[in-house]
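Hi everyone, thanks for making time for this. I'd like to walk you through a few spots in one model, so let me put it up on the screen.

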Amino acid sequence: MLITLALLILSNRGAYATSITIPYTFVPNTTILSAQVNANFSVIASVVNGNLDNSNLSAGANISLSKLNLTQSLLDLQSTGTTLAVGAGETGDTVERIGMLGNGQLVFGPGSSSAVDVGLTRTGAGTLQINNASSSAATNLDLNSTPIINFSGIWGGNTVPAICGGRAYMTSGAPFTDGSAGGTVYYGPATSNLINLGGTIQTFSEVSISTGSLSGMYDVYATSASATTISLSTAAWGGINTPPTRSVDQYNRPTKHSATGSLLVAVIWVTSGNQCNDSTSERFISNVYNPISKMMFAQDTTATWNYNSATVRAADGNSTDGTGRVSFCSWLPSVPLYAECFCTLNPTATSFAGIGIGLDSTTTLTVAAATDIGNTQTGVMCSYAASTTNGFHYLQRLEYGNAGNCTYYYSGLGATGLNGLTVWINN
């Protein structure tokens, strides 16, 4: 019995983990004491029962997840700085494709001999920083207000300028609604309540300026007053088509001269009566951001009138906004514009007559159309499409003919509204 037990112990000795040291070794034909056998088993039991560690497990142990308690945290890995705490990749990779560093950064790479080339680091509450290959800051994902992504480098600064969410308008609380002539211009949230001023994106609420002491063309600038408010200021143009000297910010956006934190948000035209207007006859606000297409209209409600001269003149001699013309302003020299002029007229049998549109003129036809169908009420229409120049402008309804007489109509043939000027413009 003693010999058999000794042989069993010797034959199984190689199966013990290297971290277990057996105190007693038995050889044949010797006496085995029970205390020695118990001591050997006690050493094994002390390791197996709660003291197994990495040295006890084979590299190919391949322990099934079903044997693990997945209701508890599996890992609590710690390292310092940019030291790799844990990494993962595909079979055959020479470096990790994704890794977790001690400083909390997640890094990503191709899994080849190339190092990781992009990473994510938490830099503050609600903010993730995307790092480049050298772990330098390249992008901020700021989640504190709204999911805005601010890319540096693209615009030559620290952040991308938000598409400013405001518009200038005439009716408080209604940024997309027409407003009648008045002495107050508002600027407030339209598509959002965010605006980038001097490289800082902030929220803002509606503010206003008075036009009571203004007359002519003006730039309107927005400046940060606090983290949640802005203020407005103006700068007069040198003439109706001559803007003031401006500067640009780091994104090349127009700003007030030598004040790059004051962003140009609109241009306004103020009448000699110190009023601005945004209606179908007068569009005196031109928005830099969030412009929309709006209609303008002019129509003469005089039942009929006559004209018998080849000299071009304002239709029915009328140059009033909303009747003979429409007026508008533009901050850019490339705002799209489309207009249609139409009229029903009746020249005598020996004459011809026509209508037209004059850009900033009551005597020069920019576009025209005519008819020589005598003694018959005839509809005539012409259209005009262009990009405006910046500043103040108007489109005038015009008429002309030869020495014969021509009758122009607002009502006739059982209908009314047989003349007019329709214009579409972005403001």
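Let's start with a sheet. It is open, with three strands in the order 8-10-13 and antiparallel pairing. The edge positions belong to strand 8, residues 166–169, and strand 13, residues 207–210. Each of those has a single partner strand, so one of its sides has no neighbour in the sheet. On average, neighbouring strands here are turned by 20 degrees against each other, ignoring direction. Before we go further, a quick reminder that this is a predicted model.

Now zoom in on strand 10, residues 184–189. Antiparallel to strand 13, it is joined to that strand by four bridges. If you want a residue pair to look for, Y186 stands opposite S208 in strand 13.

Next, another antiparallel pair. Strand 27, which covers residues 353–359, is linked to strand 28 by five bridges. Here the pair to look for is G354, which sits opposite A370 in strand 28. And which side chains of strand 28 are buried? Along residues 367–371 they alternate: V367, A369 and T371 point to one face and are buried. A368 and A370 point to the other face and are not buried. So A370, the residue opposite G354, belongs to the face that is not buried.

Let's move on to a single residue, Q202. You'll find Q202 in strand 12, residues 200–203. Is Q202 buried or exposed? Its relative accessible area is 6%, and because the cut-off for buried is under 20%, Q202 counts as buried. What does this polar side chain reach? One partner is the backbone oxygen of S226, at 3.1 Å. Another is the backbone oxygen of T229, which lies 3.0 Å from a polar atom of the Q202 side chain. Leaving out residues up to four places away in sequence, Q202 also touches others, including N193, L194, I195 and L197, as well as A227 and I230.

My last stop is N390. This one is in a loop, between strand 29, residues 378–387, and strand 30, residues 391–401. With a relative accessibility of 17%, N390 still counts as buried, because the limit is under 20%. What is around N390? Setting aside neighbours within four places in sequence, its contacts include W237, I240, N241 and P243, and also S330, W331, L332 and P333. Take I240: it is 150 residues away from N390 along the chain, and their C-alpha atoms are separated by 8.6 Å.

That's my tour, and I'm happy to go back to any of these spots on the screen.

Conventions
Residues numbered from 1 in each chain as written. Predicted model: local features only at pLDDT ≥ 70, side-chain atom pairs only at ≥ 80, totals over all residues. Heavy atoms only, no water. Pairing = 2+ DSSP bridges. Helix = DSSP H or I, 4+ residues; strand = E, 2+ residues; numbered from the N terminus. Axes fitted to C-alpha atoms, helices over the stretch in contact; angles between N-to-C directions. Buried < 20%, exposed > 50% of the residue type's maximum accessible area, 1.4 Å probe, protein only. Contact = heavy atoms within 4.5 Å. Polar contact = N/O pair within 3.5 Å; in protein donor to acceptor, adjacent residues only side chain to side chain.
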